[in-house]
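Welcome! Here is a short tour for anyone meeting this structure for the first time.

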Amino acid sequence: MEKIRTRKLSHALGAEILGIDLTQPLPADTFAQIYQAWIDNLIVVLPGQQALTPQQHLEFSRRFGELDRNESSPSYRMKGHTELIELTNKPTEEGNPSPSRDVGRRWHSDLDFTLKPTKASILWGGQLPDVGGDTMFANMYMAYEALSPGLKRTLEGMHAVYDVMASVRPQDNRDPKVVAELRELNLPVAQPVVRVHPESGRKALFLSERAVRFEDWTHAESQPLLRYLCEHATSPEFVYRKQWQAGDLLIWDNRCTIHQALGDYDKRQVRYMRRTAVQGEPSGHSVQA
Ligand SMILES: O=C(O)CCC(=O)C(=O)O
Ligand SMILES: [Fe+2]
């Protein structure tokens with residue numbers, strides 16, 4: 001059995017694996033090593049996948065589990081592919097602005113605003129601007145472990161209420177039709193603030209800038225602690241900043257990380273990404289707005 005070689009990308013999280021070509025058959029034992037590297041490092045990057053077709057992207061993703069059909073945001077779907085979304089600033093074939101041009105500008109875990117938050121997200125960089133278009137990731141195990149015993153006890157059993165509207169910043173250039181669609185399709189849910197990772201068995205903080213209050217707390221009561229926890233979790237020592245190369249395939253674990261797409265690039269240049277999402281365990285419950 002050939003052993004894969006990993007190289008750490010930062011102190012907090014991320015590893016790169018070289019020598020994988022996903023246009024070729026991938027033996028089960030090689031996949032098992034990639035999967036374990038992903039569990040251990042939270043993020044795995046497979047560079048050099050320029051030739052990856054949508055079909056190959058889907059097939060590789062299915063090895064992680066059942067894919068999400070993007071019912072919470074149908075506008076981002078790639079034409080003819082329910083399970084693939086396009087994240088790009090490139091105008092549509094009809095010449096309209098891309099519906100996904102400003103997705104992910106606030107810290108979040110994918111589908112944290114639904115009752116089935118994502119397990120793995122698998123993002124392929126097709127075309128990148130000359131500089132920037134980076135994505136930041138934070139290690140939520142580390143964020144949890146660094147809290148005081150007192151705050152850990154307080155958070156145990158608490159839930160945070162997520163509102164999809166909190167994913168949209170006022171300064172973003174979002175399509176009003178897409179914002180209305182997000183609102184209509186996604187009612188508020190509450191998620192536990194501390195989750196036990198089903199595979200590693202470790203506790204992770206589960207919280208993001210899409211949380212608007214704690215359940216059974218008022219907005220005013222919730223704000224200072226929400227802000228503190230998000231700031232804490234995204235401290236530089238828990239963060240990795242991904243600078244993309246075309247052909248990078250990045251797999252992240254949404255159960256123990258949060259991320260943010262920076263938009264730090266010249267919007268006259270094209271950034272074109274495709275992504276799948278692997279369904280996670282059901283989590284949380286519905287709440288009144
Ligand atoms: O475009 C990116 O870098 C990431 C966007 C995002 O939040 C996602 O793909 O889930
Ligand atoms: Fe995301």
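## A pair of strands to begin with

Let us start with strand 8 (residues 159–162), which is joined to strand 12 by three bridges, the two running antiparallel. Within this pairing, A160 has F214 of strand 12 as its bridge partner. Please keep in mind that everything described here comes from a predicted model.

These two strands belong to an open sheet of four strands, ordered 12-8-9-17, whose pairing is antiparallel. Strand 12 (211–214) and strand 17 (285–286) are at the edges and have a single partner strand each, so one side of each has no neighbour in the sheet.

## The eight-stranded sheet

There is also an open sheet of eight strands, in the order 1-2-3-14-6-16-5-4, and its pairing is mixed. Here the edges are taken by strand 1 (6–8) and strand 4 (77–78); each has a single partner strand, so one side of each is left without a neighbour in the sheet.

Inside this order, strand 3 (residues 43–46) and strand 14 (residues 249–253) run antiparallel and are joined by four bridges. V45 stands opposite L250 of strand 14.

## Helices on the sheet

Helix 1 (residues 28–41) lies across strands 1, 2, 3, 6 and 14, and runs at about 135° to strand 3. Helix 2 (residues 54–62) packs on the sheet as well, touching strands 3, 4, 5, 6, 14 and 16. The direction of helix 2 makes about 110° with that of strand 5.

## The iron site

Which residues are the protein donors of the iron ion (ligand 2)? They are H108 through NE2, D110 through OD and H259 through NE2, lying 2.0 to 2.1 Å from the ion. Along the sequence, these donor residues follow the spacing H-x1-D-x148-H.

H108 sits in the loop between strand 5 and strand 6, while H259 is in strand 15, so this pair ties together parts that are 151 residues apart in sequence.

## The cavity

A search of the whole structure turns up one cavity of 30 Å³ or more. The largest cavity holds about 460 Å³ of space. Its lining is made up of 36 residues, and those nearest its centre are L87, V103, G104, H108 and R275. H108 is thus a name we have already met, as one of the donors of the iron ion.

Two or more lining residues come from each of strand 5 (81–88), strand 6 (118–127), strand 15 (257–261) and strand 16 (272–279). Sorted by class, the lining of the largest cavity has 14 nonpolar, 13 polar and nine charged residues.

How values were computed. Residues are numbered from 1 along each chain as its sequence is written. Chains are lettered from A and ligands numbered from 1 in the order in which they are written. This is a predicted model: local features need pLDDT of at least 70, side-chain atom pairs count only at pLDDT 80 or more; totals for chains, interfaces and linings use all residues. Side-chain values use heavy atoms; hydrogens and water are left out. On a 1 Å grid over the protein atoms alone, a cavity is a set of points where a 1.4 Å probe fits but cannot get out, and a pocket is an open set with protein on both sides within 12 Å along at least five of seven lines; lining residues have an atom within 4 Å of a point. Grid points are joined across faces, edges and corners, and a volume is the space filled by probe spheres set on the points. Ala, Val, Leu, Ile, Met, Phe, Trp, Tyr, Cys and Pro count as nonpolar, Asp, Glu, Lys and Arg as charged, and the others, Gly among them, as polar. Two strands pair if DSSP finds at least two bridges between them. Contact means heavy atoms within 4.5 Å. Axes are lines fitted to C-alpha atoms, for helices over the stretch in contact, and angles run from 0 to 180 degrees between N-to-C directions. Donors are N, O and S atoms within 2.8 Å of the metal (3.2 Å for Na, K and Ca); water is not among the atoms, so sites may look incomplete.
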